[in-house]
Every structure is written in structure tokens, then in C-alpha cells.
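I opened this model to look up its strands, cores and odd backbone spots. My entries follow in the order I made them.

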Amino acid sequence: MQSFDVVIAGGGMVGLALACGLQGSGLRVAVLEHQQPDMTPPQPQPELRVSAINAASERLLQHIGVWDEILNLRASAYNAMEVWDRDSFGKIAFRGDECGFSHLGHIIENSVIQQALWKRAESLSDVTLMTPAALKQVAWGENDAFITLEDGRMLTARLVIGADGAHSWLRQHADIPLTFWDYRHHALVATIRTEEPHLATARQVFHGDGILAFLPFSDPHLSSIVWSVAPEEAERLKQLEPEQFNRELAMAFDLRLGACSVESERQTFPLTGRYARSFAAHRLALVGDAAHTVHPLAGQGVNLGFMDAAELIAELRRLQRQGKDIGQHLYLRRYERRRKHGAAVMLASMQGFRELFDGNHPAKKLLRDVGLRLADSLPGVKPRLVRQAMGLNDLPEWLA
């Protein structure tokens, strides 16, 4: 029987960031992960799954000592954003340097972030990485949680943290209800070479039946795309011959970057919104996708998860300093209140956007056109939007 203060189920980006952030707090931390990530240097061709890491997440990653390693591996800064409605005159564009920022964020492969975090966690004296490790049973005692792994190993923890993804075993095992809804869209992801350079600008176009985003890599002609469309349309696009796909993609993007050429396989995955009824319980806290998933149209999914980690790091350090029981639901409620609010606002915003830009109803078109135009032209609006996009309105105090 091994004893820890905190056991984190899930060694993905959010779980590892949380573990690294607890180093030096006096808490002994274990991370359980099915398999160790691939630690070989990134291949020349970028991975398909990428994240738009905003300034708030960058601050967390800097604070826990992994940002320089991420930059050494591969990260692509962007300093401008353009959003427009393909079927009308609505558009907005902003640049970070207009508001005093050198960049708005970075496009980074998920595997690069996880690799840097894993390497950092391996070096920390307070963190034990356990792999392969899978949960078989958790019993919630008064003062400890008793954990049994698939291979028969047994652990105790004062607090168990579910960072085990959208289909969280821990959330289900703890009988925490989940509100979820189908966005009726699948996302198609691929790596695309464009005729025109992207100029380090993230671009997103709305059309009546979908949303298409181009996320710029360091190569001035290479981007990652996320094309959110109806499931049957996503499957059709996936099966198209490359030449036909390239033509349809360039047209859907208004030829904004000229001719397009797909340089990778095309993958699709369903989009579902999820919101756990509770983010904490007796000796349990949920973070990241285990607590919430959002539509990728604003690229905020992993950023929300990193802010969960940042808030929980601050809360656990404070409780430990004050000599309080880190697993008491009474004390975890502060974390829960703050993060449930942040997630709810983001989910509601995404749902509102999704509904507003769905379909070609004349009243909706007029509303979104006028809204985008006003946001683009009214004094003082853009700086607020830039700060929101960078996550700076959602920063825990210790990162501000």
C-alpha cells in the first residue's frame, strides 16, 4: 500500500500541469497514466491534434517551468486574428501589437505539450509517475480514498483528482451527473499548405452549415485546419479525392490564402458539449475535460482545463499552508464555485455563437453582421475582446 496526498488520474496535459504546479507545496503527488507518451523529437510533419494556447495558459506553463522546453520542441506564435461571415459583410480583425502584446497565442501540437510536461514531472522530487496504471476501484473513506489499480497495486490518497478526459471513469464512478448535448457537428482536422503566406494570423470563417478555422504554423505556408460541419458532410469531405478536397477547402475559405493542398491524413471526431453537475465531492476534484468540454470554435478547451489546474494548484497550496484537510468537500467548494462559473460562461458563449452562426435565417444574418461590424469599429471593444481571447480576464490571482 503506497500513500500519497494527491493522486491524479490522467497524465494528459492538464493532469501533468497540475502535478508540476504542486511541486514544493509539501504534498506528495502520484500521476496515473495508461502509457508513457512518445518522448522522441517531433517529426518534420506536425501532429494533427493541436491547441491554440493563450497567454493565460502560457503564464501557467512558464510558472511550472516547461515553457522554454515547449518552445525548444516546436511552437508557432500568432499575432493576429480574422473572423468573418462568408455569406455577408460581417467581419472583425485584430492584432496583438495594437493592444501592446507581442503575440496573441501559440499553435502547439498536443503531443509537444504533453512531452514537455512529462519530462518536467519526471524530474520533480514530489511527483511519482505511475505507468502503465489504470483504475479498477476507488473506495471513499472518511480520511482517505483507497485506490486499487488493474494490476493489483493499492494506493491511498487524501484527494483524488479526475483528469481522465471527457469519458472520465472517476466522474462516473463517483456518480456525478453530467449534462451534455450534441453540437450536431463533427470536426475534420488536417495539415494544409497554402499558396499565400498566412502572416502568423489565425483565421475563422462562418458559413451557414459550418465553421472553418486555419491555425498558422511557423512555416509561413503551413496551417492546421479545424472544419466543423454536419457529421455526414465531415465524412464526405474526409473521403474526397485530395484534388477535390483542396478545391472545396479553398472555396469554403473564400480563397483567402489562395490554392490549398492537403499534406496529411484527414481525421474526424464528434463534437459534444459536457458540463459536470459538480466539479468536486468528498476527496474528489475534477479538472479539464472530465469536468467540461466545449465546441472548438474559439479554441478554448485546453485553456479552460489549464485554468482549472491553476485554480486548484492555488487552492491546494493554500489549504496545505493553513494545515487544513485538502480532501474536504467544504474546502474544495471554493475551487468548484470559481471554475464552474468560468466553464459555464464559456459554454454559454460557445452555444450562443454556435446558434447565432448556424443557418441562413435573414434575421440571424443581420444580427451577426451588425454585431461583428460593431465589435470591429466601436472604440474600446477590441482591447476587451483581445484580453478575453488571451484568457487574461480569467487569470487566478497568483498568475496575474
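**Entry 1: around β11**

I started with strand β1 (residues 2-9), which runs parallel to β11 and is joined to it by seven bridges. I note here that this is a predicted model. In the β1 pairing I looked up Phe 4, and its bridge partner in β11 is Ala 157.

Next I took β10 (residues 145-149). It pairs with β11 in the antiparallel sense, over four bridges. Here Phe 146 has Thr 156 of β11 as its bridge partner. The two strands β10 and β11 make a hairpin, with four residues between them. In that turn I found Gly 152 with a positive phi of about 95°.

I then turned to β19 (residues 284-286). Three bridges join it to β11, and the two run parallel. Val 160 stands opposite Leu 284 of β19.

Is β11 mostly covered or mostly open? It is mostly covered: of the nine residues in 154-162, seven are buried. I keep one general point beside this entry: side chains in a regular strand alternate between the two faces of the sheet.

**Entry 2: the three-stranded sheet**

I looked up an open sheet of three strands, ordered β3-β7-β4, with antiparallel pairing. Its edge strands are β3 (50-54) and β4 (76-78), each paired on one side only. On average, neighbouring strands here are turned by 30° against each other, direction ignored.

I checked the pairing of β4 with β7 (residues 105-109). They run antiparallel and share three bridges. Ala 77 stands opposite His 106 in β7.

Which helix lies across β3 and β7? I found α4 (residues 110-122) there, running at about 85° to β7.

**Entry 3: the nonpolar cores**

The largest nonpolar core has 102 residues. Which members touch the most others? I listed Ile 70, Leu 117, Ile 161 and Phe 306. Helix α8 (residues 301-321) gives this core its largest share, nine residues.

Apart from this core lies another, of 21 residues. I noted Phe 214, Leu 249, Leu 257 and Val 262 among them.

I went back to Leu 117 for its contacts. Leaving out residues up to four places away in sequence, it touches Met 13, Leu 16, Ala 17, Cys 20, Leu 61, Ile 64 and Val 66. As a general rule, nonpolar side chains in soluble globular proteins tend to be buried together.

**Entry 4: helix α7**

In α7 (residues 242-252) I marked Phe 245, Asn 246, Leu 249, Ala 250 and Ala 252 as buried. Why do they line one face of the helix? Seen down the axis of α7, the buried residues fall within an arc of 160°, so they line one face.

I looked for what covers them. The cover includes β12 (178-194), β13 (201-207), β14 (210-216), β15 (222-229), α6 (231-239) and β16 (260-262).

Just after α7, I found Asp 254 with a positive phi of about 60°. Leu 255 is not a glycine, yet its phi is also positive, about 50°. Leu 255 sits in the loop between α7 and β16. With 48% relative accessibility, Leu 255 counts as partly exposed.

**Entry 5: strand β20**

I looked up His 292, which belongs to strand β20. Buried or exposed? At 1% relative accessibility, His 292 counts as buried. Its side chain makes a polar contact of 2.6 Å with the side chain of Asp 308. Not counting residues up to four places away in sequence, His 292 touches Arg 274, Phe 279, Leu 304, Gly 305, Asp 308 and Ala 343.

Thr 293 is in β20 (residues 292-293) as well. Thr 293 is buried, with a relative accessible area of 9%. A polar atom of its side chain lies 2.8 Å from the backbone oxygen of Thr 272.

**Entry 6: backbone spots in loops**

I found a cis peptide bond joining Thr 131 and Pro 132, with omega about -5°. Pro 132 is in the loop between β8 (127-130) and β9 (135-140).

My last look was at Asp 175. It has a positive phi of about 55° although it is not a glycine. Asp 175 is in the loop between α5 (169-173) and β12. At 66% relative accessibility, I logged Asp 175 as exposed.

Methods
Residues numbered from 1 in each chain as written. Predicted model: local features only at pLDDT ≥ 70, side-chain atom pairs only at ≥ 80, totals over all residues. Heavy atoms only, no water. Pairing = 2+ DSSP bridges. Axes fitted to C-alpha atoms, helices over the stretch in contact; angles between N-to-C directions. Contact = heavy atoms within 4.5 Å. Core = buried A, V, L, I, M, F, W, Y, C linked by side-chain atoms within 4.5 Å. Buried < 20%, exposed > 50% of the residue type's maximum accessible area, 1.4 Å probe, protein only. Arc of directions from axis to C-beta. Polar contact = N/O pair within 3.5 Å; in protein donor to acceptor, adjacent residues only side chain to side chain.
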